[in-house]
Amino acid sequence: MDGIQVLTLIGSVILALVALAALFLLPRISRPAGKGLLVLGVLVALGTAWTTGSQALTPAAQTGWALSTPSEAPRPADFVDARSLDKTIQVELRYATTNNFTGEKVDGYESSDVVILQEDAAAALAAVQEELAASNLGLLVYDAYRPTTAVEFFQAWSQNPDDSTKAEYYPTFEKPQLFELGYIADHSKHSLGGTVDLTIIDLTTGSPLDMGGPFDFFGERSHYDAEGLSAEQTENRALLREVMTAHGFEPYEMEWWHFTYPLTDAVAQSFPVR
Ligand SMILES: [Zn+2]
């Protein structure tokens, strides 16, 4: 129960007590109309107290823990869908589905098949795709532009005691550590429009190359130079890094899948992904 729920509960208890105390006035009122009004007032007050009190007592997990409201901010003119530049770029926006570390569809993701990026980053990504195609390879994007509403959603998630995705995504950590250690950021570069999470797929089979660990696994296995990788996994990570950096993206040591195209004067955005 959070602070607001506790205050609501105290408020509804006080309202109920005042309403009951008012009933003691009943014998002192002589006019029938006055008695009727008093009884009506008491009933309304008790009803309100009951409704707000029971809402406050409902566990947060049942009412959902997303605190943010959908943003209707407009998409800036220089943000585009990279798939409008190259529709062969494959996409599986995980946060638009329940298949992600929160186990929920994330606030701000209304479409699962777009790759929204600032136009320079989008053009660079299309160039990566073109280069890979020569080797019968292509990109599979897991996340691109991420609204600030989604980052707030992650923060709310980290404060919820539910641990149902721990075994799959963060077996060795507790939720707050994911922020402290840099796996999830309070202010994500993804919100600026230049950052992508992605892997390489084989165009013949459509399957992702073996990178030695899944997207959004929070642990050492995801570090670029993690110990225990096979020669093939090391090679695949190196290939992804090589082709991305060749087109201006900067890698991230903590996560083999995360790359940032540096943008000057970029501002965090909150418009929805659609
Ligand atoms: Zn990322």
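Me: What covers the buried residues of helix 5?

Reply: Good place to start, and remember as we go that this is a predicted model. The general idea comes from helix geometry: an α-helix has 3.6 residues a turn, so residues three or four places apart point the same way. Now the case here. The buried residues of helix 5 are Ala-121, Ala-122, Ala-124, Leu-125, Ala-126, Val-128, Gln-129 and Leu-132. Their cover includes strand 1 (79-81), helix 4 (82-85), strand 3 (116-118), strand 4, strand 5 and helix 9.

Me: How many residues does helix 5 have, and how far does it reach from its first C-alpha to its last?

Reply: Helix 5 has 15 residues and reaches 21 Å, close to the 21 Å expected at 1.5 Å a residue. You can try the same check on helix 6 (residues 148-159): its twelve residues should span 16 Å, and its end C-alpha atoms are 17 Å apart, which agrees. Helix 6 has buried residues too, among them Phe-153, Phe-154 and Trp-157.

Me: Let me step back. How many helices and strands are there in the protein?

Reply: The protein has nine helices and seven strands. Of its 274 residues, 30% count as buried. Another overall number tells you about contacts: among those with a separation of 6 or more, 77% are between residues 24 or more positions apart.

Me: In what order do the strands of the open sheet come?

Reply: First the general idea: strands of a sheet pair through backbone hydrogen bonds, either parallel or antiparallel. In this structure, five strands form an open sheet in the order 2-4-5-7-6, and the pairing is mixed. At the edges are strand 2 (90-91) and strand 6 (250-251), each of which pairs on one side only.

Me: Which strands pair with strand 5, and in what sense?

Reply: Strand 4 (residues 137-143) pairs with strand 5 in the antiparallel sense over six bridges. Two of the partnerships can be followed by name: Leu-140 has Thr-199 as its bridge partner in strand 5, and Asp-143 has Asp-197. Strand 7 is joined to strand 5 by three bridges, and these two strands also run antiparallel.

Me: Which helices pack on the sheet?

Reply: Helix 5 (residues 119-133) packs on the sheet and touches strand 4 and strand 5; its direction makes about 145 degrees with that of strand 4. Helix 9 (residues 231-246) also packs on the sheet, touching strand 5, strand 6 and strand 7, and its direction makes about 125 degrees with that of strand 5.

Me: Why is strand 5 said to be largely enclosed by the rest of the structure?

Reply: Because six of the eight residues of strand 5 are buried.

Me: Which residues does UniProt list for "binding site"?

Reply: The unreviewed UniProt entry lists His-190, Asp-197 and His-258. Sequence alone can hide a grouping, and here is a nice case: these residues are spread over 69 residues of sequence, yet they cluster in space, with a largest C-alpha distance of 9.6 Å.

Me: Where is His-190, and is it buried or exposed?

Reply: His-190 sits in the loop between helix 8 (175-180) and strand 5 (195-202). It is buried, because 25 other C-beta atoms lie within 10 Å, and the cut-off for buried is 20 or more. Leaving aside residues up to four places away in sequence, His-190 touches Asp-143, Tyr-145, Arg-146 and Thr-195.

Me: And where does His-258 lie?

Reply: His-258 lies in strand 7 (residues 258-260). With 25 C-beta neighbours inside 10 Å, His-258 counts as buried as well. Asp-197 stands opposite His-258. Beyond residues up to four places away in sequence, His-258 touches Thr-195, Asp-197 and Tyr-252.

Me: Which residue does UniProt list for "active site"?

Reply: The unreviewed entry lists Glu-255. You will find Glu-255 in the loop between strand 6 and strand 7. Glu-255 is partly exposed, because it has 19 other C-beta atoms within 10 Å.

Me: Where is the pLDDT below 50?

Reply: Start with the average: the protein has a pLDDT of 86, and 77% of the residues score at least 70. Over residues 1-6 the pLDDT is below 50, and this stretch has two contacts in the model beyond near neighbours in sequence. Residues 58-68 also stay under 50, with 17 contacts beyond four places in sequence.

Key. Residues numbered from 1 in each chain as written. Predicted model: local features only at pLDDT ≥ 70, side-chain atom pairs only at ≥ 80, totals over all residues. UniProt positions renumbered as here; feature names shortened; annotations may be inferred. Helix = DSSP H or I, 4+ residues; strand = E, 2+ residues; numbered from the N terminus. Buried ≥ 20, exposed ≤ 12 C-beta atoms within 10 Å, placed from the backbone. Contact = placed C-beta atoms within 7 Å. Pairing = 2+ DSSP bridges. Axes fitted to C-alpha atoms, helices over the stretch in contact; angles between N-to-C directions. pLDDT = per-residue confidence, 0-100. Expected span 1.5 Å × (residues − 1).
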